[in-house]
Amino acid sequence: MGRQFFVGGNFKMNGSVKTIKDIVSHLNSAKLDESVEVVIAPPALYLLLTREHLRQGIEVAAQNVFDKPNGAFTGEISVEQLKDSNITWTLLGHSERRVILQEDDAFVANKTKVALDGGLGVILCCGESLEQREANKTIDVVTSQLKAVADKCKDWSKIVIAYEPIWAIGTGKVATTEQAQEVHAAIRDWLKKEVSGEAAEKTRILYGGSVSEKNCKELAKQPDIDGFLVGGASLKPAFVDIINANQ
Ligand code: PEP
């Protein structure tokens with residue numbers, strides 16, 4: 001069986017009650033390719049509102065989760081609290097958190113383990129900076145980010161990997177289809193060697209970085225690209241065209 005195409009929308013720290021309700025109602029009434037798994041990640045403040053208004057069949061993700069169950073951790077949210085609110089996924093390891101908030105590989109791996117143990121699906125982000133790409137370190141950087149997780153998590157059935165080159169995020173500079181496919185194939189190869197043949201075959205690997213309604217169709221044709229994690233364009237009506245990239 002092929003891998004189910006997956007499209008995630010990362011709203012980042014954008015939106016208001018009004019604009020998020022508008023996006024949700026647009027998605028609710030849109031004709032979406034039924035074979036695609038769709039998950040949207042609004043800011044934490046709007047998770048409940050989104051879940052309440054969004055139609056069944058589209059899941060909601062947090063943009064982050066903490067690795068402790070409860071207690072004196074001001075500003076954080078736990079896996080149990082997400083589940084209590086019917087939030088079934090979380091993003092982890094987004095480059096904006098790795099770079100701006102200095103989350104390291106070990107912390108991301110810990111949070112991934114806690115999220116999976118608690119029953120959430122994890123969209124695990126990885127990707128290199130421009131400097132690392134120019135120094136030919138892309139595969140090393142990406143696989144060491146993933147290895148930190150593989151050291152702690154043996155079951156990858158609820159992990160979706162999002163390969164997001166940092167230089168392509170929010171810049172309008174999309175990786176070429178060849179650049180993206182090359183890294184996706186390398187990640188799949190790495191999964192085969194370091195996790196299992198089954199993980200290599202079944203794990204969805206998304207591309208993220210300035211995906212738009214214009215470039216999504218070509219990217220979607222690549223054999224190892226199983227969907228997208230979309231930032232800026234997930235706030236626009238064109239998100240529907242990206243979800244329907246295979247049509
Ligand atoms: C992202 O934030 O995950 C992302 C890919 O952003 P953008 O699509 O805006 O580049």
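How far is an oxygen atom of the ligand from an N or O atom in the side chain of Lys-12? The distance is 2.6 Å. This value, like the others below, comes from a predicted model.

## Ligand site

Besides the contact with the side chain of Lys-12, the ligand has polar neighbours at two further residues described here. A polar side-chain atom of His-94 is 2.9 Å from a ligand oxygen atom. At Gly-231 the polar atom belongs to the backbone, and its distance from an oxygen atom of the ligand is 2.8 Å. Of the 290 Å² of accessible area that the ligand has on its own, 96% is covered by the protein.

The ligand is surrounded by 14 residues, and those that come nearest are Lys-12, Glu-164, Gly-170, Ser-210 and Gly-231. By class, the shell holds eight polar residues, four nonpolar residues and two charged residues.

## Barrel

Eight strands form a closed barrel, with parallel pairing. Their order around the barrel is β1-β2-β3-β4-β5-β6-β7-β8. On average, neighbouring strands of this sheet are turned by 25° against each other, direction ignored. Strands of a sheet pair through backbone hydrogen bonds, in either a parallel or an antiparallel arrangement.

## Strand β7 and its partners

Strand β7 covers residues 205-208. On one side, β7 pairs with β6 (residues 159-163) in the parallel sense over three bridges; here Ile-161 has Ile-205 of β7 as its bridge partner. Strand β7 also pairs with β8 (residues 227-230), again in the parallel sense, over two bridges. In that pairing, Tyr-207 is matched with Phe-228 of β8.

In a regular strand, side chains alternate between the two faces of the sheet. In β7, Ile-205 and Tyr-207 point one way, while Leu-206 and Gly-208 point the other way. Residues on both sides of β7 are buried: Ile-205, Leu-206, Tyr-207 and Gly-208.

## Asp-226 before β8

Asp-226 is located in the loop that runs between α10 (216-220) and β8. Is Asp-226 buried or exposed? Asp-226 counts as buried because its relative accessibility is 6%, and the cut-off for buried is under 20%. The side chain of Asp-226 also makes a polar contact with the side chain of Arg-188, at 2.7 Å.

Methods. Residues are numbered from 1 along each chain as its sequence is written. This is a predicted model: local features need pLDDT of at least 70, side-chain atom pairs count only at pLDDT 80 or more; totals for chains, interfaces and linings use all residues. Side-chain values use heavy atoms; hydrogens and water are left out. Two strands pair if DSSP finds at least two bridges between them. Helices (H or I, at least four residues) and strands (E, at least two) are DSSP runs, numbered from the N terminus. Axes are lines fitted to C-alpha atoms, for helices over the stretch in contact, and angles run from 0 to 180 degrees between N-to-C directions. A residue is near a molecule or strand if one of its heavy atoms lies within 4 Å of it. A polar contact is a pair of N or O atoms within 3.5 Å; within protein, one must be able to donate a hydrogen and the other to accept it, and residues adjacent in sequence count only if both atoms are side-chain atoms. Accessible areas come from the Shrake-Rupley method with a 1.4 Å probe; for residues, only the protein chains shown count as cover. Ala, Val, Leu, Ile, Met, Phe, Trp, Tyr, Cys and Pro count as nonpolar, Asp, Glu, Lys and Arg as charged, and the others, Gly among them, as polar. Buried means under 20% relative accessible area, exposed over 50%, partly exposed in between (1.4 Å probe, protein chains only).
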